[in-house]
Amino acid sequence: MGNWLAKWMHGNQAEDEPCPHIKPYLNGIADGSMPNGPVRRFVRLHLKDCSYCDKALYGLILLRARLYNLKENPGKSDPLDKERRVELEAGWDAIDAKMERKTGAQ
Ligand SMILES: [Zn+2]
């Protein structure tokens, strides 16, 4: 599960703090704005093995989902272009599926 790796990389890191070298990219992953490429692949690979960053990303996505709903419901305007929105929703689905596997279906 990459625990030794996480320990080695994190040291005394607080549990809800993402790795410093990943943190700058988490927003781009959470809102789907990061283009496909080596950096994105690297970050996603890291997320699989790092519970710290995974947790941080999930928090960001929840936050964005709330903001998104705030924007989406009162007005008629679409805050995201369609392509980004599809990608974002696919990302949320993936996270949801992951959480269900971790916690059991609810
Ligand atoms: Zn990490």
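Start by selecting R66, N69 and L70: these exposed residues sit on the face of α4 turned away from its buried side. Keep in mind while you click around that this is a predicted model.

**The other face of α4**

Now flip the helix over and pick Y52, C53, A56, L57 and I61, the buried residues of α4. Look down the axis of α4: those buried residues fall within an arc of 160°, so they line one face of the helix. The general rule behind such a pattern is that an α-helix has 3.6 residues a turn, so residues three or four places apart point the same way.

While you have the whole of α4 selected, try a distance from end to end. The helix has 22 residues, and from its first C-alpha to its last it reaches 30 Å, close to the 32 Å expected at 1.5 Å a residue.

**Into the core**

Next, add Y25, L26, I29, A30, V43, L47 and C50 to your selection of Y52, C53, A56, L57 and I61; together they make up the largest nonpolar core, 12 residues in all. Which elements give two or more residues to this core? Colour α2 (23-30), α3 (38-49) and α4 (51-72) and you have them. The largest share, 5 residues, comes from α4.

Zoom in on L57 and show its neighbours. Leaving out residues up to four places away in sequence, L57 touches L26, I29, A30 and L47.

**A stop on α3**

Move over to V39, which you'll find in helix α3. Is V39 buried or partly exposed? It's partly exposed, because 14 other C-beta atoms lie within 10 Å, while a buried residue needs 20 or more. Draw a line from V39 to I22: they are 17 residues apart along the chain, and their C-alpha atoms are separated by 9.8 Å.

**Zooming out**

Show the full cartoon and you get 5 helices and 0 strands, in the pattern α-α-α-α-α along the sequence. Of the 106 residues in the chain, 14% are buried. If you build a contact map, count the contacts between residues at least 6 apart in sequence: 71% of them join residues at least 24 apart.

**Last stop: confidence**

Finally, colour by pLDDT. The chain averages 77, and 64% of the residues score at least 70. Select residues 3-10 to see helix α1, whose mean pLDDT of 63 is the lowest among the elements of the chain, then jump to α3, which has the highest at 92.

Terms used
Residues numbered from 1 in each chain as written. Predicted model: local features only at pLDDT ≥ 70, side-chain atom pairs only at ≥ 80, totals over all residues. Helix = DSSP H or I, 4+ residues; strand = E, 2+ residues; numbered from the N terminus. Contact = placed C-beta atoms within 7 Å. Core = buried A, V, L, I, M, F, W, Y, C linked by C-beta atoms within 7 Å. Expected span 1.5 Å × (residues − 1). Arc of directions from axis to C-beta. pLDDT = per-residue confidence, 0-100.
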